[in-house]
Amino acid sequence: VPLLDTDFIGRNVINHHEVESTNLTAKAEGRSGCVDGTVVTTEHQTGGRGRSGRSWSSSPGEAVQMSIVLRPGTPPATAPPITQIGAAAVAVTLEAMGFAPKVKWPNDVLISGKKVCGILTEMTCELDRIDFIVMGIGINVNVKAFPKPVDEVATSLLLEGGRSLDRRKIAAEVLNRFEPLYRGYLKGNGKTYLEICRRLSWLEGKEISFEKDGITVTATAGDIDEEGRLEVHFPGGSSEKLLSGEVHLGSV
Ligand code: BTN
C-alpha cells in the first residue's frame with residue numbers, strides 16, 4: 001500500500017471484494033493469530049454492523065469500511081480511549097482535507113451536525129488481558145444521497161464537499177494518523193488524542209440524554225477528562241463521568 005506511512009498499522013492488509021462485515025472477518029483473523037495492526041477492508045458489506053445492534057449499510061464502493069486488529073496487551077479497562085483515538089484520527093484526517101469535523105463523544109465524527117463516520121469496537125479478552133481488539137471504521141465518502149429520514153442525521157464527504165474522493169487515500173491517511181496517537185496512548189504519554197477530542201468536541205455545553213440504570217436521564221455535557229470520560233452535569237447540581245456508551249442530543 002504505497003500511501004501508507006506506518007510501522008505496523010496496516011502493514012498486513014486483507015482486502016475482500018465482499019464480506020458480511022469486516023469486523024467479523026477481522027475477529028476471525030484475530031482468533032487465528034494475525035499480526036498486530038492487521039487491517040481488513042472491503043468494497044461491500046452484506047451485513048455491516050453498527051453500535052447497539054444496529055446495522056450499517058452502504059452501496060458498493062461508496063464508503064471506507066475497514067477493521068483494525070490491535071493487540072495492546074493491556075487490561076480491558078484501557079480499551080475505551082482506543083475507540084476515541086480512532087475517532088480522533090478520522091477527525092484530523094478530514095480536517096486536513098478542508099472539512100470542519102466534530103467528534104461526538106465517544107466515537108462518532110460529524111460534519112454540519114450530521115454523522116459522517118461511525119466506529120464499532122469489539123474486544124476479546126484472555127483472563128484480565130486484552131487478547132485483541134477489532135476497531136471497525138465506516139466513513140461515508142461517496143454516498144450520493146441518504147433515504148429519508150436518515151438524510152437528517154447522516155451525511156457524506158461528497159454531499160458536504162461537492163466532489164468524489166479517493167477512498168483508499170482517506171483510509172491510508174486515517175491509519176497514518178492513528179498509529180502515533182495509539183502508540184502515544186499505550187506509552188502513557190502524549191494524550192494528543194484527548195486534545196483533538198476536546199478541541200473538536202461537539203457535545204460540550206449541549207443538553208444530552210442517556211440511559212442510567214435503565215431510565216433515560218437528561219444532563220448537560222461538559223469536558224472530557226484525562227481518562228477520556230465525558231463529564232455530565234445534572235440539573236440538580238450533581239455531576240458524573242461517563243466511561244463509554246451512547247448519548248443523544250436533547251432532553252427526554
Ligand atoms: C456505528 O456508528 O453504529 C458504528 C458503525 C461502524 C461501521 C463499520 S464499517 C466497517 C466495520 N464493519 C462493520 O460491520 N461495522 C464497522
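In the predicted model, a backbone N or O atom of Arg51 is placed 2.6 Å from an oxygen atom of the ligand. A second contact to an oxygen atom of the ligand is made through the side chain of Lys115, where an N or O atom lies at a distance of 2.4 Å. Thr22 also takes part, with a polar side-chain atom 3.0 Å from a nitrogen atom of the ligand. The ligand taken alone would expose 410 Å², and 99% of this area is buried by the protein. The space that the ligand takes is the largest pocket of the model.

The shell around the ligand was then examined by residue. It consists of 21 residues, of which Ser21, Gln45, Arg49, Arg51 and Lys115 come nearest to the ligand. Sorted by class, the shell comprises 11 polar residues, 5 nonpolar residues and 5 charged residues. Several elements of secondary structure contribute to this shell. At least two residues each are supplied by helix α1 (22–31) and by the strands β3 (63–70), β6 (114–126) and β7 (129–140). The largest share comes from β6, which provides 4 residues. Thr22, whose side chain contacts a nitrogen atom of the ligand, falls at the start of α1 (22–31). Lys115, whose side chain contacts an oxygen atom, falls within β6 (114–126).

Contacts between aromatic rings were considered next. A pair of aromatic rings is described by the distance of the centres and the angle of the planes. In the model, 4 aromatic pairs were counted. One of them is formed by Phe8 and Tyr182, whose rings are 6.4 Å apart from centre to centre, with 40° between the planes, a tilted arrangement. Phe8 belongs to the segment before β1 (13–19), whereas Tyr182 belongs to helix α4 (residues 167–187), so the pair ties together parts that are 174 residues apart in sequence.

The backbone also shows particular features in loops. Trp105 and Pro106 are joined by a cis peptide bond with an omega of about -5°. Pro106 is located in the loop between β4 (101–104) and β5 (108–111). Another cis peptide bond runs from Lys148 to Pro149, with omega near 0°. Pro149 lies in the loop that connects β7 and α3 (157–161). In the loop between β6 and β7, the residue Leu127 is found. Leu127 is not a glycine, yet its phi is positive, at about 50°. The two strands on either side of this loop, β6 and β7, are both among the elements that supply residues to the shell around the ligand.

Definitions and conventions:
Residues are numbered from 1 along each chain as its sequence is written. This is a predicted model: local features need pLDDT of at least 70, side-chain atom pairs count only at pLDDT 80 or more; totals for chains, interfaces and linings use all residues. Side-chain values use heavy atoms; hydrogens and water are left out. A residue is near a molecule or strand if one of its heavy atoms lies within 4 Å of it. A polar contact is a pair of N or O atoms within 3.5 Å; within protein, one must be able to donate a hydrogen and the other to accept it, and residues adjacent in sequence count only if both atoms are side-chain atoms. Accessible areas come from the Shrake-Rupley method with a 1.4 Å probe; for residues, only the protein chains shown count as cover. On a 1 Å grid over the protein atoms alone, a cavity is a set of points where a 1.4 Å probe fits but cannot get out, and a pocket is an open set with protein on both sides within 12 Å along at least five of seven lines; lining residues have an atom within 4 Å of a point. A molecule sits in a cavity or pocket if more than half of its atoms lie within 2 Å of its grid points. Ala, Val, Leu, Ile, Met, Phe, Trp, Tyr, Cys and Pro count as nonpolar, Asp, Glu, Lys and Arg as charged, and the others, Gly among them, as polar. Rings of Phe, Tyr and Trp (its six-membered ring) pair if their centres lie within 6.5 Å; planes under 30 degrees apart count as stacked, over 60 as edge-to-face and the rest as tilted.
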